[in-house]
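Here is a walk through one protein model with a bound ligand. Keep the sequence and the 3D view open while you read.

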Amino acid sequence: MVAERNRIITIANQKGGVGKTTTAINLATALAAIGERVLIVDLDPQGNASTGLGIDRKHRRLSSYDLLLGDNSILEVAQETAVPNLFIVPSTMDLLGVEMEISQQSDRVFKLKKALASEDAFRFSYILVDCPPSFNLLTMNAMAAAHSVLVPLQCEFFALEGLSQLLETVDQVRKTVNPHLDIQGIVLTMFDSRNNLAQQVVTDVRTHLGEKVYHTLIPRNVRVSEAPSYGKPAILYDLKCAGSQAYLQLASEVIQRERQRLAA
Ligand code: ADP
Ligand code: MG
């Protein structure tokens, strides 16, 4: 296998509220904290990753919209965050119209891939793409551009059903636009140990998907849900809380798997 010069990971799940953005922000922060240079591309028109990293709307002059359209380069659209080594391409509401604007273009699925193909993208060792909660053209762009997909899965009854849909989509993407797309891993989120159903979901997901599922379980944690309203990753807001510690552990698992993959 050819070693890539960076790792582009799409964080996707067609369901909303499963922890995609929280995972993007906190995994990115944890990776940055251990010395990786990380870029988040906020591809959700809601812009939660941008807000959660303290980039308020009036400071989003250029955005992922400009990047997708090819009007601006990655270094022009990337902004610093309060976290050293962590940068973000914020999103704006313009993204809502982008599907219409590019839908007739033959390279409509490859807009992000083209934007990330520049030499400047190699300044970041990890690029995490935060997706909207649907299989729309934005998510397809993210999957076409990525080396792998990381799937946050909420520990609830319909988790497996949604997951099989997502895995089918990844298969389709492999057959059509990105033959090398990997599953980076599945991370179970908002786990509540007092809830028997959640325990059952963990067992079922592990039985079905084995090693693809990270050992780290992200617990449901109030501090994690409070952090975005302060414009901070949980890891900055409260490093000691169980949620932050879990995301640090997840980052070390991601890095460990990357090392194994590159060594294989
Ligand atoms: P998505 O991006 O998939 O829509 P979010 O990451 O925005 O999901 O999470 C949905 C909601 O759940 C947010 O309000 C977020 O703060 C909260 N949340 C996410 N992860 C946790 C967690 N581990 N503990 C508590 N609340 C969480
Ligand atoms: Mg989100």
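**From the sheet to the ligand**

Start at one bridge: L39 has F87 as its bridge partner in β4. The coordinates come from a predicted model. That bridge belongs to a set of four joining β2 to β4, and these two strands run parallel.

Stay on β4, residues 86-89. Is this strand covered on its faces, or open? Both faces are covered. L86 and I88 are buried on one side, and F87 and V89 are buried on the other.

Now look at the other pairing of β4. β3 and β4 run antiparallel and are joined by two bridges. Here Q79 stands opposite I88. The two strands form a hairpin, with five residues between them. In its turn, N85 has a positive phi of about 75 degrees.

Strands of a sheet pair through backbone hydrogen bonds, in either a parallel or an antiparallel sense. Next, zoom out to the full sheet. It is open and has eight strands, in the order β3-β4-β2-β5-β1-β6-β7-β8. The pairing is mixed. β3 (79-80) and β8 (213-219) stand at the edges. Each has a single partner strand, so one side of each is left without a neighbour in the sheet.

Return to β2 (residues 38-42) for its pairing with β5 (residues 126-130). These strands pair in the parallel sense, over five bridges. One of the residue pairs is D42 with D130, its bridge partner in β5.

Helices pack on this sheet too. Helix α8, residues 159-176, touches β6 (148-154) and β7. The direction of α8 makes about 170 degrees with that of β6. Helix α12, residues 242-263, also packs on the sheet. Its contacts are with β1 (7-11), β7 and β8. The direction of α12 makes about 165 degrees with that of β8.

Finally, turn to the ligand. Which residues come nearest to ligand 1? Of the 18 around it, they are K20, T21, T22, V224 and S225. Which elements each supply at least two residues of the shell? They are α1 (20-33), β7 (182-191) and α10 (222-226). The largest share comes from α1, with three residues. By residue type, the shell around ligand 1 divides into 10 polar, six nonpolar and two charged residues.

Definitions and conventions:
Residues are numbered from 1 along each chain as its sequence is written. Chains are lettered from A and ligands numbered from 1 in the order in which they are written. This is a predicted model: local features need pLDDT of at least 70, side-chain atom pairs count only at pLDDT 80 or more; totals for chains, interfaces and linings use all residues. A residue is near a molecule or strand if its C-beta atom, placed from the backbone, lies within 6 Å of it. Ala, Val, Leu, Ile, Met, Phe, Trp, Tyr, Cys and Pro count as nonpolar, Asp, Glu, Lys and Arg as charged, and the others, Gly among them, as polar. Two strands pair if DSSP finds at least two bridges between them. Two residues are in contact if their C-beta atoms, placed from the backbone, lie within 7 Å. Axes are lines fitted to C-alpha atoms, for helices over the stretch in contact, and angles run from 0 to 180 degrees between N-to-C directions. A residue is buried if 20 or more other C-beta atoms lie within 10 Å of its own, exposed if 12 or fewer, and partly exposed in between; C-beta atoms are placed from the backbone.
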